[in-house]
Amino acid sequence: MMRASDFGWIGCHNCGAVHSKGGQTCRTCGSALHHRLPNSMQKLWAWLLTGIFFLIPANLYPLLSNEIFGHEEGHTILEGILLFAQSGDYLVAGVIFLASFVIPFFKVAVIATLALSIQHGWQLSPRLRHVLYEFVEFIGRWSMIDVFVVALLTGLVHLGAILAFLPGAGAICFALSVICTMLSAQALDAKLIWDGVTNE
Amino acid sequence: MTSLPDVTPTSDDLERRAWARLFEADPDGVIACPSCDTLHVAETIAPGQVARCKRCHFTLIAPRRDTLNRTLALALTSAMLMVAMLSFPFLTLTRQGLSNEVSILGMIGGLAHGWYMLLAIVVAMFVVGVPMLRAAALIYVVWGLRQKRPPRAAREVFRLAEAMAPWAMTEVFLIGTGVALVKVAGLARVGFEEAFWIFCVMVLVLALKNASVCRWTIWTMIRERQE
Ligand SMILES: [Zn+2]
Ligand SMILES: [Zn+2]
């Protein structure tokens, strides 16, 4: 399997049109042409570190408070999951545990591993790196579930003094963390995954 | 995507020369996978078939029968469903005689004060704004291509539509609704209103719309009409 870079050609990152050396703008889609995206790794790390920075308060501060008969009680992500499990909603507890706890941390770890393995030429198989990349690309948006739950409960449940929900500071930190890690994954030039790999 | 027919896979040099010839003859006869840079021969394949990258399985070409009309119809439908969804109530909560009916706009509006505003912006953007902008962008591009008139900004608009794709989160919101319902199930009685059902249909239509767009087909049309 030959790649455009084997010939010094530039494949458009957006539409795949092939251009000879020195091309500036894609004739098909008008995107700027790059052999590899400029500063891909710096952008990735900047967004990833910001994402990690927000992920910590996202787990320490309450995501959601409920006010039942004037009695206010806040829950962090993990406390919210425990509440679901205690009331027997194991499916929901499982979904939220995955979407809001396991995946955000796992995703950060995967992006960092990918970046380090590319930057330091670690002997990870490109096949494995590719699977990890696909996973991160696919899963990113699903972590937003909990943010939408908070918004829905707050906006929906206004039953006078009986019952109300209020968003906690953790919710916005969590949303920002998800957005930053999505941007971090998008900053990665997937073509780097296959560079320096001889045909398998 | 078949490999070159006139190439013996044992000979690197022959393959190299074959690619170079092909590229010189017609640069648009060759595609480099946008995800991994592997070269492929651009071939017109039958509607319904999918050509994936040999190396990373990225979808390169996935033409649909009647792709322009289908995309236009689905994008228009999704836009109309969104407008309808926003103008009807979404859910009703009842507890001890107190009842509360909320629409999605009402929910966003209810959040729009103080720092809750950030949450309102997140929902408004990812659930309503981006999917609608994306549908509008596709309508503009596809409408223009259907008229056989090259839309002046088609390239920029289609690029924008594609870049927005990961940020349209209607299906994530639907799962979120399910979780929120479980959370209030013990606390209040929940009634599903029109907007909820419209939302479910809209998620389906948006998924069909995304599947009806073949990027390569659209880009090829845009290039050919602009020449
Ligand atoms: Zn291009
Ligand atoms: Zn590929």
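Here is a walk through this predicted model, from the zinc site of chain A to the annotated membrane spans of chain B.

Let's start at the front of chain A. The domain assignment splits this chain into domain 1, covering 1-35, and domain 2, covering 39-194. If you compare the C-alpha centres of domain 1 and domain 2 of chain A, you'll find them 35 Å apart.

Now look for the zinc ion (ligand 1). Four cysteine sulfurs hold this ion: the SG atoms of A:Cys12, A:Cys15, A:Cys26 and A:Cys29, at 2.2 to 2.3 Å. Read along the chain, the donors of ligand 1 give the spacing C-x2-C-x10-C-x2-C. The angles among the four donor atoms run from 101 to 116°, and the site of ligand 1 is tetrahedral. Two of the cysteines, A:Cys26 and A:Cys29, are both buried.

Further along chain A come the membrane annotations. An unreviewed UniProt entry puts "transmembrane region" at residues 44-64, 90-118, 139-159 and 165-185 of chain A. What does the model show for residues 44-64 of chain A, in terms of helix and strand? That span is 81% helix and 5% strand, with its end C-alpha atoms 30 Å apart. As for residues 165-185 of chain A, the span is 81% helix and 14% strand, and 33 Å separates the end C-alpha atoms.

Over to chain B, and to the zinc ion (ligand 2). Here the SG atoms of B:Cys33, B:Cys36, B:Cys53 and B:Cys56 do the coordinating, at 2.2 to 2.3 Å. Why is the arrangement around ligand 2 tetrahedral? It comes down to the angles: the four donor atoms subtend 99 to 115°, so the arrangement counts as tetrahedral. In sequence, the donor residues of ligand 2 are spaced C-x2-C-x16-C-x2-C. B:Cys33 and B:Cys56 link distant parts of the chain, 23 residues apart. You'll find B:Cys33 in the loop between strand 1 (30-32) and strand 2 (39-41) of chain B, while B:Cys56 sits in the loop between strand 3 (51-52) and strand 4 (59-61) of chain B. Both B:Cys33 and B:Cys56 are buried.

Chain B has its own membrane annotations. UniProt, again in an unreviewed entry, gives "transmembrane region" for residues 72-94, 114-143, 164-184 and 196-218 of chain B. Over residues 72-94 of chain B, the model has 70% helix and 17% strand, and the end C-alpha atoms lie 40 Å apart. Residues 164-184 of chain B come out at 76% helix and 0% strand, with 33 Å between the end C-alpha atoms.

Terms used: Residues are numbered from 1 along each chain as its sequence is written. Chains are lettered from A and ligands numbered from 1 in the order in which they are written. This is a predicted model: local features need pLDDT of at least 70, side-chain atom pairs count only at pLDDT 80 or more; totals for chains, interfaces and linings use all residues. Side-chain values use heavy atoms; hydrogens and water are left out. UniProt positions are given in the numbering used here, feature names are shortened, and annotations may be inferred rather than shown by experiment. Helices (H or I, at least four residues) and strands (E, at least two) are DSSP runs, numbered from the N terminus. Donors are N, O and S atoms within 2.8 Å of the metal (3.2 Å for Na, K and Ca); water is not among the atoms, so sites may look incomplete. Four donors count as tetrahedral if all angles lie between 85 and 135 degrees; four count as square planar and six as octahedral if opposite donors are over 155 degrees apart and all others between 65 and 115; anything else is irregular. Buried means under 20% relative accessible area, exposed over 50%, partly exposed in between (1.4 Å probe, protein chains only). Domain bounds come from an automatic or database domain assignment.
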